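Biologist: Please take a close look at a single part of this model, one hairpin and the strands around it. Then set that part against the rest of the structure.

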Amino acid sequence: MMLIDRETIDIYIEETIQSLSEVEKTLLILENMGGNIELSLARRVYHAMHIIRNGANILSLSKIKELSQKIENVLGLICTERLTPNPEVINILLQGIDRMQQLIDLIHSNEDIDIDEHSVLLTGLTSAVLPEEIKHSVTEIRDIPIPDGKYVFHIPEFNLIQEIEQGKNIYILIYDLIKDVQEKNNTPLNFVRFIQQHGEVIDSVFDFKSIGTLEEQTFGSEMPYFVLLASTLKYEQLVESLGVKSHQIKQIKNAIADLTHPKTEPDHQNLTSAIPVHHRKTGQKDRLELLNALSCELNFAMDCFSNYSNNTLSITKARMQSVQKRFQEFLNHENSILVSNVLWKIGRNIRDFAYQSNIQAKLELQCGQIMMDRRVLSRLIEPLTAIVMKMIRLVQSETPVQICLNMTKNAGSIEMVISFFDPQIVTKKAYLDYPDEEKKINALCATIKQSFEAQTGLSVTIRFPLHLRIIPGYCISIDQQFYIIPRFNVKDCLINLNPSMWRCENDTTITLHDNERCIPVIGISNSDFLQLKNKTTLIVCEVGKHCFGLAADSPKIVEVDAICQPLSKQLSSNPSIFANCLLDKGQIAFVPDMGFLANKLF
Amino acid sequence: MSKKVISPGQDIVASMVPEFKKRLQEIIVEDGVTELDIDLTGVEMVDSVGLGAFIATHNTLSQKNGKLTVINASEDIYSLFKTMRLDQHFEIQQG
């Protein structure tokens, strides 16, 4: 039986990605606080990591669990003020977070991702700052014998201390998988998941000797299995919750007696209340993407519909327009995010760049409460990081560099100015060369210019229009021209077509025969029959109930959120073009009017 | 030292284990195989008796200085073996 389904793992991935992003951001804040940290912030990241580790434990994601445990250990020390989050400490933590993100990205195939280096660095950090009397606990192994003495658990003392510090009791659970699982019609997987719901499985072991070999007659009669469990439950509660007999649970006290008196005990009541209630957002991103695509299709249809002047339709039109308006307002709100919640990543990039280059440089964001579309913001991180790095490189001296990114919102635009905190740090007139970054910024419908004034020094100004028309689509190439096909209209992509599949029905109609299907094909440019026969890719589109194909140059289709630019006069007179946009490398892409294309054929 | 791959192709549960055990014995004891790969393609569930079969096979092979490898384990089975720390005794590869 599939107990942990794909949806549960997807929820874990989604929540962990969000959580790691928050942890990363908060670590940078903690770093800037130096020796005078806000403990509630430290506790929040500690608890976030604790939740990630617990999830990994339940889902048996061993590498994520191991790495999050090590990060949690270090965070625990910061929480109890035994470790100052200086840049070296934060750097090691951030590297660990980066590796965690890779593990999450490749959650089903992360066996090749190595975490040894991070584990060593984090363990080193933990042991380096511990008081002499418990420093050895990181590498010291504690033997915990199983009651009958046949087996011994070998556990790093520090792991035990961490569990004890979290107020957990340590137990050995004694099971026989034949009597306790098989004869109760339970499966081993359900059984271990059930135990994990009651605490942290620190280790477990089978009595291999009792199980014997294939030749032995005793085979299958007993399967002793021992679990070392850390649980917040008291002995009686655990016996009752697990539904076992009292002799099956032994609480470990003597073997760990010397570990049970930590120097400082973290305030776990506060830790628990420091985090907000977790809201599950299953597929929220997917839902928003779907709504964006739906809205785009509705807008296209409404644009077309609005051209009719029939008075009898005016009320219907007005009602639909009001729905469209509310729908758009809702989506604008959903797509908006505080700028600082995304652009902090540039600060992280600059921090890493400075750390690797052994220079002192910092970016200060002054974005206030300005909100922007998250799709635009995510595409700004790369070019803005590159521009800020180029500005830092202009500074010749070893003076610490502080760059300020200031944002203001005006009536019709949002303006972003990047400048040196100290305008005199670059004394002679400097010029920044950023052709690639400029193309990426222009693709966002924004303009960029730089200026140098004696008083204010070098500054780069980027201006965004307040309202953007964003079309979620797929970028394809047809006869060497890029087109954005709205995502909602793309139903399929047929590849490896051969010339025999194309049929010329009459002078104007070309069809493609794919198995039982006959798909009418529209020439979006000047494609004629001979040209189409060389095409090996067909994008199958659907407009309303109509289905047709667009023959593309290659099977490469790229998902984009196209930010539309105003149409030039020449283009606006072309009824097949609805809008145009710039791609990241500066090429122009057209958004075809899918309704017009469908009409052309039907 | 000879190597062999065995593919049960069905869930490793109490009802099939006696026959499966017999096959394993033939391969290890009679044919002298010391490096055995158990291919779990098509296996969706392993019950407690099935787990015992893996451990007993490992024990038998260990006596002959042999080695057991479990290959193509499904996500659930891989996760079960890891949680039960069986990967510390023999190699388990996910499918």
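Modeller: In the hairpin of S23(A) and S24(A), 5 residues lie between the strands, and one residue of this hairpin, Gly586(A), has a positive phi near 95°. The model is a predicted one, and the angle is computed from its atoms.

The two strands of the hairpin, S23(A) at residues 577–582 and S24(A), run antiparallel and are joined by 5 bridges. One pair of bridge partners is Ala579(A) and, in S24(A), Val591(A).

S24(A) has a further neighbour in strand S15(A), residues 481–486, and this pairing is parallel, with 2 bridges. Here Phe482(A) stands opposite Ala589(A) of S24(A). S24(A) thus pairs antiparallel with S23(A) and parallel with S15(A). In a regular strand, side chains point by turns to one face of the sheet and to the other.

As for burial, S24(A) spans residues 588–592, and 4 of its 5 residues are buried, so the strand is largely enclosed by the rest of the structure. For the whole of chain A, with 602 residues, the buried share is 34%.

The hairpin belongs to a chain with 20 helices and 24 strands. Of the contacts in chain A with a separation of 6 or more, 68% are between residues 24 or more positions apart.

Another positive phi in chain A, of about 55°, is found at Ser60(A), just after helix H2(A). That helix covers residues 39–58, 20 residues in total, and its first and last C-alpha atoms are 29 Å apart, close to the 28 Å expected at 1.5 Å a residue.

Chain A also touches chain B, through 25 residues of chain A and 26 residues of chain B. On the chain A side, at least two residues each come from helix H8 (177–181), helix H9 (188–196), strand S4 (200–206) and helix H10 (208–211). S4(A) contributes the most, 5 residues. By class, this side of chain A consists of 15 nonpolar, 8 polar and 2 charged residues.

The partner, chain B, has 3 helices and 4 strands, arranged along the sequence as β-α-β-α-β-α-β. Its 95 residues are 41% buried. Among chain B contacts between residues at least 6 apart in sequence, 66% join residues at least 24 apart.

Technical notes:
Residues are numbered from 1 along each chain as its sequence is written. Chains are lettered from A and ligands numbered from 1 in the order in which they are written. This is a predicted model: local features need pLDDT of at least 70, side-chain atom pairs count only at pLDDT 80 or more; totals for chains, interfaces and linings use all residues. A residue is buried if 20 or more other C-beta atoms lie within 10 Å of its own, exposed if 12 or fewer, and partly exposed in between; C-beta atoms are placed from the backbone. Two residues are in contact if their C-beta atoms, placed from the backbone, lie within 7 Å. Ala, Val, Leu, Ile, Met, Phe, Trp, Tyr, Cys and Pro count as nonpolar, Asp, Glu, Lys and Arg as charged, and the others, Gly among them, as polar. Two strands pair if DSSP finds at least two bridges between them. The expected span of a helix is 1.5 Å times one less than its number of residues.
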